[in-house]
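User: I would like a close look at one part of this protein, its nonpolar core. Could you take me through it slowly and connect it to the rest of the chain as you go?

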Amino acid sequence: MALPSALLHGTTPQELEFIAAEELVTIVPTISMERIRLMSGVYGPFRPPARSKTPLWFAANLKLKRKCYIVPPDWLNVEWLQEKLREETTQDGFTCRKANSTWLNSAYDDIISCERVRNLLKDIREARQAKLRAGLKDLDHLQLAFPNICAMEVNELRPFFVKAMEVKGKLFAPPLDNDNTMAATADATFGSTAGWGNSSFDMDTT
């Protein structure tokens, strides 16, 4: 079955969240369970208080049933995030790729200073978005390099940049002999291209 045209240009935010939920995490089970076979592998046996590895989505399911605690990763703490926020706001380029809020939905009560962590993640996200907006002035009709941005950020940027790169590609394409209609064709197809370099885009920061 053919996919709708809207789904042919890349993954959706929901698909990215689904992929992120496959990350292996450490749990401390509160009850004993035998091995469990999932599509991604076999996990267990689970014997408290021994730690075990499971996909994040499965750990969240066990936690919802009060069958385990989720051990936050080393980077999900106030000190690490404060350092990454400092790097994002004082250095060029993108330095942090791990910072995401997926964990907050699954292990909020297992994270020390959860609200402070949540605010730092939001600050890092806003700092990275500011860099992305500033990078619009360097938009090139051949390529655009934003190293170290995460898949969700690429997904948010794609609709704007697909159109922007298409318009710029048309404007900078070698004209045909005796053909002066390239710019007019681009304007007629995509609207006036004046001000593209000063355009901005909004991304949800919630």
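Analyst: In this predicted model, the largest nonpolar core has 26 residues, and those touching the most other members are Ile-27, Ile-70, Leu-76, Leu-81, Trp-103 and Val-117. Several elements give two or more residues to this core, namely β1 (24-29), α2 (56-64), β5 (68-71), α3 (78-90), α4 (102-106) and α5 (114-134). Of these, α5 gives the most, with five residues. The core lies between domain 1 (14-71) and domain 2 (73-170), because both of them give residues to it. As background, nonpolar side chains in soluble globular proteins tend to be buried together.

One member, Leu-76, is a good residue to follow in detail. Leu-76 sits in the loop between β5 and α3, and with a relative accessibility of 5% it counts as buried, because the cut-off for that word is under 20%. Leaving aside residues up to four places away in sequence, Leu-76 touches Trp-103, Ile-111, Val-117 and Leu-121. Take the pair Leu-76 and Leu-121: they are 45 residues apart in sequence, and their C-alpha atoms are 9.4 Å apart in space. The chain as a whole can be described in a similar way, since among its contacts between residues at least 6 apart in sequence, 63% join residues at least 24 apart.

There is also a second, separate core, which has five residues, including Leu-132, Leu-157, Phe-160 and Phe-161.

To place these cores in the whole chain, it helps to know that the chain has seven helices and five strands, and that from the N terminus on the elements follow the order α-β-β-β-β-α-β-α-α-α-α-α. Of the 206 residues in the chain, 33% are buried. The area that the chain exposes is about 13,100 Å², and 54% of that area is supplied by carbon and sulfur atoms.

Two cysteines are worth checking next. Cys-68 has 3% relative accessibility and therefore counts as buried, and Cys-114, at 12%, counts as buried too. Even so, the structure holds zero disulfides.

The aromatic rings give another local detail, for a search of the whole structure finds two aromatic pairs. One of them joins Trp-57 and Phe-58 in an edge-to-face arrangement, with 5.7 Å from centre to centre and 75° between the planes. The two partners are covered to different degrees, because Trp-57, at 38% relative accessibility, counts as partly exposed, whereas Phe-58, at 9%, counts as buried.

Finally, some loops hold backbone details that deserve a careful look. Most residues other than glycine have a negative phi, and most peptide bonds are trans. In the loop between β3 (41-43) and β4 (52-55) lies Pro-45, and the peptide bond from Gly-44 to Pro-45 is cis, with omega near 0°. Pro-49 lies in the loop between β3 and β4 as well, and the bond that joins Pro-48 and Pro-49 is also cis, with an omega of about 5°. Turning to phi, Arg-66 is not a glycine, yet its phi is positive, at about 60°; Arg-66 is found in the loop between α2 and β5 and, at 74% relative accessibility, counts as exposed. Ser-113, in the loop between α4 and α5, has a positive phi near 55°, and at 42% relative accessibility Ser-113 counts as partly exposed.

Definitions and conventions
Residues numbered from 1 in each chain as written. Predicted model: local features only at pLDDT ≥ 70, side-chain atom pairs only at ≥ 80, totals over all residues. Heavy atoms only, no water. Disulfide = S-S within 2.5 Å. Buried < 20%, exposed > 50% of the residue type's maximum accessible area, 1.4 Å probe, protein only. Core = buried A, V, L, I, M, F, W, Y, C linked by side-chain atoms within 4.5 Å. Helix = DSSP H or I, 4+ residues; strand = E, 2+ residues; numbered from the N terminus. Domains from an automatic or database assignment. Contact = heavy atoms within 4.5 Å. Areas by Shrake-Rupley, 256 points an atom, 1.4 Å probe, with all protein chains shown as cover. Phe/Tyr/Trp six-rings, centres within 6.5 Å; stacked < 30°, edge-to-face > 60°.
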